[in-house]
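Student: I'd like to go through this model by asking about one thing at a time. Can we start at the ligand?

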Amino acid sequence: MIVAKSEFVKSSAEVNQCPVDSRWDFAFIGRSNVGKSSLINMLCNRVALAKVSATPGKTQLINHFLINDRFYIVDLPGYGYAKVSKSVKDDFQKIIRNYVLERQNMALLFVLVDSRHEPQKIDLEFMRFLGENGVPFAIVFTKADKLSEKQLSDRLEVYKSRMLEEWEEMPDYFISSSAHSVGRNEILDYIDDVCKNLDNAD
Ligand code: GDP
């Protein structure tokens, strides 16, 4: 898919403030600092459409970006940032929960995980929550440029075996590097396919 047009539409503090129309949302979520803003900017072909945060955990809003007038890329608040207070963390959870469970337009959630790390409890718990609620998702392993090919494939094997302890199969997944523009076409083509499938199902 070619991104001919990408524009910021709106920041929403609550799910009921999100844009109301019939376009699909493709939302991006992960622990703070996982590389979400960088990935969104890479997908949208923009240098700073989503703000690359110097302060992890800063984004507490749901940001909608309209792509090719056709679908939304949605930047959700990061989760699991240890240095925010308990009450701010609860806000993150509530806004995320409400969006994930109530947003009718949501087509798919991309759960970002840092490819360098062992499977993290909070990510596994979040994916479990998605599974329990029947929310479609795919995983994006970010910052792949920070690993050698061998390290990356070893990390993936570890992640897959951990996932298969509780999932029947490995969810769809992508490898990305915003620094080296890796994964862009694959993710955009996947979004295109999901849109087509959903539109045909209507
Ligand atoms: P967010 O908090 O999840 O939105 O993460 P950001 O996109 O703000 O990125 C956090 C930090 O990781 C920044 O210093 C980015 O420059 C860096 N970063 C993000 N993506 C990549 C990547 O693909 N490769 C490398 N090497 N660094 C990245």
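Student: How far is an oxygen atom of the ligand from an N or O atom in the side chain of S38?

Tutor: One bit of bookkeeping: this is a predicted model, where local features need pLDDT of at least 70, side-chain atom pairs count only at pLDDT 80 or more, and totals for chains, interfaces and linings use all residues. Residues are numbered from 1 along each chain as its sequence is written, and side-chain values use heavy atoms, with hydrogens and water left out. For S38, the side-chain N or O atom and the ligand oxygen are separated by 2.6 Å.

Student: Which residue puts a backbone N or O atom 2.7 Å from a ligand oxygen?

Tutor: A polar backbone atom of A179 lies 3.4 Å from an oxygen of the ligand, so that's not the one you want. The backbone N or O atom at 2.7 Å belongs to S178.

Student: How much of the ligand's own accessible area does the protein cover?

Tutor: Take the ligand on its own, and it has 580 Å² of accessible area (Shrake-Rupley, 1.4 Å probe). The share covered by the protein is 78%.

Student: How many charged residues are in the shell around the ligand?

Tutor: There are 14 residues around it (a heavy atom within 4 Å), and K36, S37, S38, D145 and S178 come nearest. By class, three in the shell are nonpolar and seven are polar. Asp, Glu, Lys and Arg count as charged, and the count for that class is four.

Student: Is helix α1 largely enclosed or not, and why?

Tutor: Helix α1 covers residues 36-44, and its buried residues (under 20% relative accessible area, 1.4 Å probe, protein chains only) include K36, S37, L39 and I40. N45 follows α1 and has a positive phi, near 65 degrees. Eight of the nine residues of α1 are buried, so the rest of the structure leaves the helix largely enclosed.

Student: Which residue's backbone nitrogen lies 2.9 Å from a polar side-chain atom of S177?

Tutor: S177 sits in the loop between β7 (173-175) and α5 (184-201), and its relative accessible area of 1% makes it buried. Leaving out neighbours within four places in sequence, S177 is in contact (heavy atoms within 4.5 Å) with M42, A144, D145 and V182. The backbone nitrogen you're asking about is that of H180.

Student: Which partner does the D114 side chain have at 2.7 Å?

Tutor: D114 belongs to strand β5 and is buried at 9% relative accessible area. Beyond four places in sequence, D114 touches V34, T142 and K143. Its side chain also makes a polar contact (N or O atoms within 3.5 Å, one able to donate a hydrogen and the other to accept it) at 2.7 Å, with the side chain of R116.

Student: Why do F28 and F110 count as a pair of their kind, and which kind is that?

Tutor: The whole-structure search gives eleven aromatic pairs (ring centres within 6.5 Å; planes under 30 degrees apart are stacked, over 60 edge-to-face, the rest tilted). F28 and F110 have ring centres 4.7 Å apart and planes at 15 degrees, so the pair is stacked.

Student: How far apart along the chain are F28 and F110?

Tutor: F28 is in strand β2 (residues 24-30), while F110 is in strand β5 (residues 106-114). F28 is buried at 0% relative accessibility, and F110 is buried at 0% too. The pair links distant parts of the chain, with a separation of 82 residues.

Student: Which helix holds F126, the ring that pairs with Y79?

Tutor: Y79 and F126 make a tilted pair, 5.0 Å centre to centre with 40 degrees between the planes. Both Y79 and F126 are buried. Y79 lies in the loop between β4 (71-75) and α2 (86-102), and F126 is 47 residues away in helix α3.

Student: P136: buried, partly exposed or exposed?

Tutor: P136 is in the loop between α3 and β6 (137-142). Apart from neighbours within four places in sequence, P136 contacts A107, L108 and L109. With 38% relative accessible area, P136 falls between the 20% and 50% cut-offs, so the label is partly exposed.

Student: Zooming out, what percentage of the 202 residues is buried?

Tutor: The protein has five helices (DSSP H or I, at least four residues) and seven strands (E, at least two). Among contacts between residues at least 6 apart in sequence, 76% join residues at least 24 apart. As for the buried residues, they make up 48%.

Definitions and conventions. Rings of Phe, Tyr and Trp (its six-membered ring) pair if their centres lie within 6.5 Å; planes under 30 degrees apart count as stacked, over 60 as edge-to-face and the rest as tilted.
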